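Me: Got a minute to walk through a model with me? I'll just throw questions at you as they come up.

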Amino acid sequence: MKVIVIGNGKGGTGKSTISMNLLVALQSMNKKVYAIDADAPQHTLTQYIQNRNFNKNLSKIEYKSMQYDENIDQILHIFDKEYDFVIIDLSCHYDKKTQHIHSKADLLITPITDSLIDTNVLQSTNSLEQFVPGAYAELVWQVKKNKINDKSGSLKWLLLPNRINIRVTNNQKKVIQKLKELSKYMGCIILPGIKDRVLFRELFESGKTIFDLKNNSISTLAAKQEIRNIISYCI
Ligand SMILES: Nc1ncnc2c1ncn2[C@@H]1O[C@H](COP(=O)(O)OP(=O)(O)O)[C@@H](O)[C@H]1O
Ligand SMILES: [Mg+2]
């Protein structure tokens, strides 16, 4: 069983959207998946899954909507090894509980939009001569260190540029530069990323993902390919 945490210390970067698309993509590859929505009380992923499970023509997603006072160890313990992948959609809090959930991950995927406001939680300086980790990078670093010290495995960290503008802008170049700095110091991998596509916004209500779309338009195929790119790093 592989535990994938979708986390970032910043809200609105696409954590729930990516979680849902990964769940359905993996399921379409005959993998047994389970979702944990650890973003109480917002519970966006829960709502997305409920919208999906209501639709009889779509595959069901099994899930747990975690309340703030619940313990992740007990939840994961219940179905140890029964699933191929457990995907945990996290909140952007910086508390001990959030840090502890990170420690359960084999793989951490951090979606980041192409905005310097987002990268600030990863790399918090303008100077390229000196690397200063942002608050979220500090949290991940701590988790990595703890995992090595208590021999509970390693944490692979993937940075996922999301909502990328189709046109390359100077801002985008600066963001990529920041991610490269972070990757150099913290050994994370920068994924090819996901474009900003209306498709990702409009499917929520129906509970569908791009993997439920039957049309072969260029944008649908390209979006599927973008999600599959992430999966090639998860398997
Ligand atoms: N690749 C994308 N293209 C277009 N819109 C996106 C994309 N990814 C996410 N969104 C939209 O961005 C907003 C924030 O996404 P969400 O998944 O709720 O982020 P988070 O879980 O990090 O708060 C939502 O309105 C969502 O529909
Ligand atoms: Mg969310």
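Me: Let's start with H1 and H2. Which residues in H1 meet which ones in H2?
Reply: On the H1 side they are Ser16, Ser19 and Met20, and they meet Thr44, Leu45 and Tyr48 in H2. Keep in mind that this is a predicted model.

Me: OK, noted. How do the residues of that contact divide into nonpolar, polar and charged?
Reply: The contact of H1 with H2 has three nonpolar residues, three polar and no charged.

Me: And at what angle do the axes of H1 and H2 cross?
Reply: Roughly 40 degrees, with the axes coming within 9 Å. That angle makes H1 oblique to H2.

Me: Is the crossing of H1 and H2 left-handed or right-handed?
Reply: H1 passes H2 in a right-handed crossing.

Me: Switching to the ligand. Which residues come nearest to ligand 1?
Reply: There are 15 residues around ligand 1, and the nearest are Gly14, Lys15, Ser16, Thr17 and Phe200. Ser16 also turns up in the contact with H2.

Me: Which elements give two or more residues to that shell?
Reply: Helix H1, residues 15-28, and helix H8, residues 198-202. H1 supplies the largest share, three residues.

Me: What's the polarity like in the shell around ligand 1?
Reply: Eight of the shell residues are polar, five are charged and two are nonpolar.

Me: Back to helix pairs. How do H4 and H6 pack?
Reply: H4 covers residues 96-103 and H6 covers residues 135-149. They pack at an angle of about 50 degrees, with their axes 9 Å apart. So H4 is oblique to H6, and their crossing is right-handed.

Me: Which residues meet there, between H4 and H6?
Reply: H4 brings Gln99, His102 and Ser103. From H6 you get Leu139, Val140, Gln142, Val143, Asn146 and Lys147. The residues of that contact divide into five polar, three nonpolar and one charged.

Me: Zooming out, how many helices and strands does the protein chain have?
Reply: Nine helices and seven strands.

Me: What about the radius of gyration of the protein chain, and what would a compact globule have?
Reply: The protein chain has 17 Å. With 235 residues, a compact globule would be near 18 Å, so the value agrees.

Me: Last one: what box do the C-alpha atoms fill?
Reply: Roughly 55 × 45 × 30 Å, taken along the principal axes.

Conventions: Residues are numbered from 1 along each chain as its sequence is written. Chains are lettered from A and ligands numbered from 1 in the order in which they are written. This is a predicted model: local features need pLDDT of at least 70, side-chain atom pairs count only at pLDDT 80 or more; totals for chains, interfaces and linings use all residues. A residue is near a molecule or strand if its C-beta atom, placed from the backbone, lies within 6 Å of it. Helices (H or I, at least four residues) and strands (E, at least two) are DSSP runs, numbered from the N terminus. Ala, Val, Leu, Ile, Met, Phe, Trp, Tyr, Cys and Pro count as nonpolar, Asp, Glu, Lys and Arg as charged, and the others, Gly among them, as polar. Axes are lines fitted to C-alpha atoms, for helices over the stretch in contact, and angles run from 0 to 180 degrees between N-to-C directions. Angles under 35 degrees count as roughly parallel, over 145 as roughly antiparallel, 65 to 115 as roughly perpendicular and the rest as oblique. A crossing is left-handed if the near helix is turned anticlockwise from the far one by less than a right angle, and right-handed if clockwise. Two residues are in contact if their C-beta atoms, placed from the backbone, lie within 7 Å. The radius of gyration is taken over C-alpha atoms; the globule rule is 2.2 Å times the number of residues to the power 0.38.
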